[in-house]
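Q: I'm new to this one, so could you take me through it slowly? I'll ask short questions and jump around a bit.

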Amino acid sequence: MLQFGIDLGGTKTEIIALDEQGNELLRRRTPTPRECYSDILDTILTLVRSCANELNQPFTLGLGIPGALSYQTGLVKNANTTCLIGKDLKGDIEKALGQSVVIANDADCLALSEATDGAGAGYPTVFAVIIGTGCGGGWVVNGQLVSGPNAIAGEWGHNPLPWRDSDDNEVQCYCGQHGCQETLLSGTGIRIQALKETGIDQSAEAWVSASEGGDIRAQDVIYKHHRRLAKALAAVINLMDPHAIVLGGGVSNLSSIYRTVPDMLSEWVFSDTVTTPILKSQHGDSSGVRGAAWLGRLNS
Ligand SMILES: [Zn+2]
């Protein structure tokens with residue numbers, strides 16, 4: 001049985017077909033239509049049908065979305081592509097294709113991908129996060145995605161940052177709370193915190209390159225970010241003690257994270273040892289779509 005996975009992103013929608021061993025047989029991507037549910041649905045159906053015609057074999061289907069399905073209603077919730085909210089995406093796809101589809105959050109797909117055959121392969125439990133424009137997380141135990149009764153397991157970005165320093169600036173989050181980890185740790189968070197600390201408004205990428213170029217003020221911005229990330233991960237270790245933590249998303253490309261954050265953890269982890277590996281995602285931008293493919297197989 002082949003596994004088709006689709007990653008529905010804010011700007012592009014991608015499909016991949018994997019064989020049983022995880023070899024990639026086919027991959028296509030197309031722009032995601034802007035905020036129109038029926039156009040998004042058509043895009044998904046067209047991609048699936050064209051791959052099915054080309055490969056002409058039975059397949060499972062998984063779909064990663066920037067949101068989740070409500071257990072109560074089966075409809076999409078928490079989606080930042082807001083036209084999906086309240087829609088019966090699963091029902092509409094299944095009706096059109098006559099084929100079941102498993103839908104999960106995109107951070108959950110990253111976690112499943114990396115735990116299955118990526119940086120977290122071989123570890124019994126894996127906590128994985130996307131640190132990009134936002135912060136989403138997922139939790140995999142023995143190769144199975146843990147979702148929880150509220151479909152929220154691993155959603156770490158909207159917890160407040162623990163062990164705050166006086167210069168951890170609280171800002172309003174779109175979720176309605178103040179001081180969410182997402183507002184401090186994401187790429188957007190780096191820009192906003194640095195603006196408050198230095199009065200300079202520039203992108204996270206600009207801060208990173210200035211830091212790598214030896215700018216002391218930029219190095220301080222990046223150091224503070226890594227200290228906040230260490231606190232946020234230390235809280236995860238204290239709560240769940242995962243065997244590995246995998247980071248994905250644009251901010252995870254900062255190589256200084258892997259040099260400095262592991263040594264910072266012991267200040268807050270309630271243990272005499274901290275051996276938890278902090279790993280960069282192996283499949284990078286492809287983790288979302290690969291995880292979506294594994295999703296279909298695990299649930300078939
Ligand atoms: Zn929030």
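Q: What span should the 25 residues of α7 have, and how far apart are its end C-alpha atoms?
A: The 25 residues of α7 should span 36 Å at 1.5 Å a residue, and the end C-alpha atoms are 36 Å apart, which agrees. The expected span of a helix is 1.5 Å times one less than its number of residues, and helices here are DSSP runs of H or I with at least four residues, strands being runs of E with at least two, both numbered from the N terminus.

Q: Before we go on, where do these values come from?
A: This is a predicted model, in which local features need pLDDT of at least 70 and side-chain atom pairs count only at pLDDT 80 or more, while totals for chains, interfaces and linings use all residues. Residues are numbered from 1 along each chain as its sequence is written, and side-chain values use heavy atoms, with hydrogens and water left out.

Q: Which residue caps the N-terminal end of α7, and what follows the helix?
A: The cap is aspartate 215, which has a side-chain oxygen 2.9 Å from the backbone nitrogen of arginine 217; a polar contact is a pair of N or O atoms within 3.5 Å, and within protein one must be able to donate a hydrogen and the other to accept it, with residues adjacent in sequence counting only if both atoms are side-chain atoms. After α7 comes aspartate 241, whose phi is positive, near 45 degrees.

Q: How many residues does α7 give to the largest nonpolar core?
A: Ten residues of that core come from α7, which is the largest share. The core has 35 residues, and those with the most contacts inside it are Trp156, Leu229, Leu233, Leu247 and Leu265. A nonpolar core is a set of buried Ala, Val, Leu, Ile, Met, Phe, Trp, Tyr and Cys residues joined through side-chain atoms within 4.5 Å, and buried means under 20% relative accessible area, with exposed over 50% and partly exposed in between, using a 1.4 Å probe and protein chains only.

Q: And what does tryptophan 156 touch?
A: Leaving aside residues up to four places away in sequence, tryptophan 156 touches Phe127, Val129, Cys135, Gln181, Leu185, Leu229, Ala232, Leu233 and Val236, where contact means heavy atoms within 4.5 Å. There is also a second, separate core of 29 residues, which includes Leu61, Leu63, Val76 and Cys83.

Q: Switching to the sheet: in what order do the five strands come?
A: The order in this open sheet is β3-β2-β1-β4-β7, and the pairing is mixed; two strands pair if DSSP finds at least two bridges between them. The edge strands, each pairing on one side only, are β3 (24–31) and β7 (102–105).

Q: How does β1 pair with β4 and with β2?
A: Strand β1 (residues 2–8) runs parallel to β4 (residues 59–65), joined by six bridges, whereas β1 and β2 (residues 12–18) pair in the antiparallel sense, also over six bridges. Isoleucine 6 has leucine 63 as its bridge partner in β4 and stands opposite isoleucine 15 in β2. β1 and β2 form a hairpin with three residues between them.

Q: Is β1 enclosed or open, and which way do the side chains go?
A: Seven of the seven residues of β1 are buried, so β1 is largely enclosed by the rest of the structure. Leu2, Phe4, Ile6 and Leu8 point one way, and Gln3, Gly5 and Asp7 point the other way. In a regular strand the side chains alternate between the two faces of the sheet.

Q: Which strands does α3 lie across?
A: Helix α3 (residues 106–117) lies across β1, β4 and β7, running at about 100 degrees to β7; axes are lines fitted to C-alpha atoms, for helices over the stretch in contact, and angles run from 0 to 180 degrees between N-to-C directions. α3 is mostly covered, with nine of its twelve residues buried, among them Asp108 and Glu114. At the start of α3, a side-chain oxygen of asparagine 105 reaches to within 2.9 Å of the backbone nitrogen of alanine 107.

Q: Last one: is glycine 296 buried or exposed, and what does it touch?
A: Glycine 296, which lies in helix α9 (residues 287–298), counts as buried at 3% relative accessibility. Not counting residues up to four places away in sequence, glycine 296 touches Thr60, Leu61, Gly62 and Val102.
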